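Visitor: I should like to take a close look at one single part of this protein and then see how that part fits into its surroundings. Please proceed step by step, and explain each term when it is used.

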Amino acid sequence: MEFKDLGLSPSLLKNIRDTGYETPTPIQQATIPLVLEGKDVLGCAQTGTGKTAAFALPILQRLKEIPPRRNNAKVIRCLILSPTRELAMQTWENFQLYGKGEGLDSAVIFGGVGQGGQVEALHRGAEIVIACPGRLLDLMGQGLVRLDWVDIFVLDEADRMLDMGFIHDVRKIVRTLPEERQTLLFSATMPPEVEKLALDLLTDPENVKVDPVTSTVDAIDQCLYYVDKVNKKHLLAQLLEDPEVESALVFSRTKHGVDRIVRDLKRKGIEAAGIHGDKSQNARQTALNLFRSGKCRVLVATDIAARGIDVAGLSHVFNYDMPMEPEAYIHRIGRTGRAGRTGKAISFCCIDEVKQLNQVEKLIGKRLSLKESDWPMEVTTPTPPKVREPRPARLDRQGNALAERRQAAVAAKPAARPARPASSRPTGKVTIGRDGQIHSRPASRGTGRPVRRVNRQKRRG
């Protein structure tokens with residue numbers, strides 16, 4: 001099957017040829033005709049199979065064919081939600097590429113940068129908006145974004161949205177969309193939570209599932225090294241010196257781990273760049289551009305980049321740390337072996353990560369082939385969990401332990417006075433006569449407050 005058999009317009013077919021695509025992938029073959037018919041779609045396919053083009057191409061054609069809800073004005077007609085900034089940027093770049101000459105303006109919205117440029121793009125009349133939920137809700141709260149005229153809504157990487165805790169933000173955004181719309185939901189995995197979300201968002205959807213959700217691309221050669229944690233940096237540097245490693249994406253479990261790996265590689269004379277959530281968007285984009293251009297052949301990242309990086313010809317993926325969630329392994333190694341190319345995925349495992357390794361092998365249904373290195377694993381006793389030590393006591397000048405603040409505050413609080421019996425409480429205005437006795441005047445009627453009298457003589461003085 002060819003793209004021309006899917007019912008796409010000649011202008012889109014020309015743009016497809018210019019990008020170098022020859023034949024549609026299975027997810028594209030199954031999805032594009034359904035989207036062109038205006039149906040809701042629940043699409044599930046492993047990463048690297050072309051899901052973005054599966055919804056971008058038919059959306060561009062649909063927006064040209066269906067009349068806008070508001071005439072004579074450019075408004076947001078298509079909203080696409082993405083979990084990460086990198087994925088949002090990548091999707092926007094694909095729309096720019098596929099929609100060249102179609103006359104449809106697009107904008108990308110995400111946090112980590114100033115909102116000025118994004119607001120300006122919206123005011124120019126962006127009909128297609130690719131957004132991260134947080135920044136979109138912020139702009140909606142400022143009254144800068146309206147979603148009253150959206151015709152097509154796309155939730156991309158729905159499972160990742162749930163993992164990152166965006167479900168409540170997604171529901172807030174959905175409540176502002178028109179009731180009559182076309183909704184597309186795409187995901188690389190399909191846990192029960194995603195299916196429940198799909199039932200809430202989609203109307204009589206068409207289910208498109210291509211390849212098992214736990215499968216990995218056959219073109220990826222996967223192997224494993226057992227290595228102690230302290231020797232991972234030496235093994236990584238040695239493997240990166242292999243001329244076959246043209247470009248490598250290294251995954252670390254933590255942000256501090258990313259910075260540490262970059263420093264270790266630079267000490268070995270290997271130029272590397274790192275991206276993680278604590279870096280500014282400009283720094284992350286600069287690192288990605290260096291990596292994509294080939295000026296830097298090693299990029300170290302956390303799982304936030306597992307679904308936001310699409311580098312043509314990425315040769316190697318290194319799992320420096322085994323992922324905590326086995327599904328993340330599939331998304332990590334799916335960065336290589338894309339579009340029919342070959343790739344290699346290399347994983348490091350220390351004694352503390354054997355449990356995570358077993359979960360990965362159970363998910364993919366096979367054992368990773370073992371490789372030997374100059375640093376075999378010698379530590380066979382798992383690291384005991386850290387015991388949280390009690391906070392040291394505060395001492396006074398004499399060296400005596402001080403009581404905890406909260407306990408001291410409770411102890412120092414004066415006891416509440418016992419309440420007087422209601423019969424003994426004086427009502428109205430209370431005065432003390434010359435005889436030293438307490439005299440009470442009745443309160444004024446109606447207000448329930450004592451009568452206020454002004455001492456005129458004292459006031460004159």
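How many of the residues of strand S1 (residues 41-45) are buried?

Guide: This is a predicted model, in which local features need pLDDT of at least 70 and side-chain atom pairs count only at pLDDT 80 or more, while totals for chains, interfaces and linings use all residues. Residues are numbered from 1 along each chain as its sequence is written, and side-chain values use heavy atoms, with hydrogens and water left out.

Strand S1 is mostly covered, with 5 of its 5 residues buried. Buried means under 20% relative accessible area, whereas exposed means over 50% and partly exposed lies in between, for a 1.4 Å probe and protein chains only. Strands and helices are DSSP runs numbered from the N terminus: E of at least two residues for a strand, H or I of at least four for a helix. The residues of S1 point in two directions: Val41, Gly43 and Ala45 one way, Leu42 and Cys44 the other, and all are buried.

S1 is joined to two strands. Strand S6 (residues 182-187) runs parallel to S1 and is linked to it by 4 bridges; here Val41 has Leu184 as its bridge partner. Strand S7 (residues 206-210) also runs parallel to S1, with 5 bridges between them, and in S7 it is Asn207 that stands opposite Leu42. Two strands count as paired if DSSP finds at least two bridges between them.

Leu184, the partner of Val41, leads to the interior. In the largest nonpolar core, which has 39 residues, Leu184 is among those that touch the most other members, together with Leu8, Phe55, Ile59, Phe95 and Ile128. A nonpolar core is a set of buried Ala, Val, Leu, Ile, Met, Phe, Trp, Tyr and Cys residues joined through side-chain atoms within 4.5 Å. In soluble globular proteins, nonpolar side chains tend to be buried together. Helix H3 gives the most to this core, with 8 residues.

Two of these core residues, Phe55 and Phe95, form a tilted aromatic pair, 6.5 Å centre to centre and with 40 degrees between the planes. Rings of Phe, Tyr and Trp (its six-membered ring) pair if their centres lie within 6.5 Å; planes under 30 degrees apart are stacked, those over 60 are edge-to-face, and the rest are tilted. Because Phe55 belongs to helix H3 (residues 51-65) and Phe95 to helix H4 (residues 85-98), the pair ties together parts that are 40 residues apart in sequence. Phe55 counts as buried at 0% relative accessibility, and Phe95 is buried as well, at 3%.

Ile128 is another of these core residues. Leaving aside residues up to four places away in sequence, Ile128 touches several residues, including Leu60, Leu63, Ile80, Phe95 and Leu104. Such a contact means heavy atoms within 4.5 Å. Beside this core there is a second, separate one of 36 residues, which includes Leu79, Val145, Met161 and Val174.

The whole chain provides the setting for S1. The protein chain holds 16 helices and 16 strands, and 48% of its 461 residues count as buried. Among its contacts between residues at least 6 apart in sequence, 74% join residues at least 24 apart.
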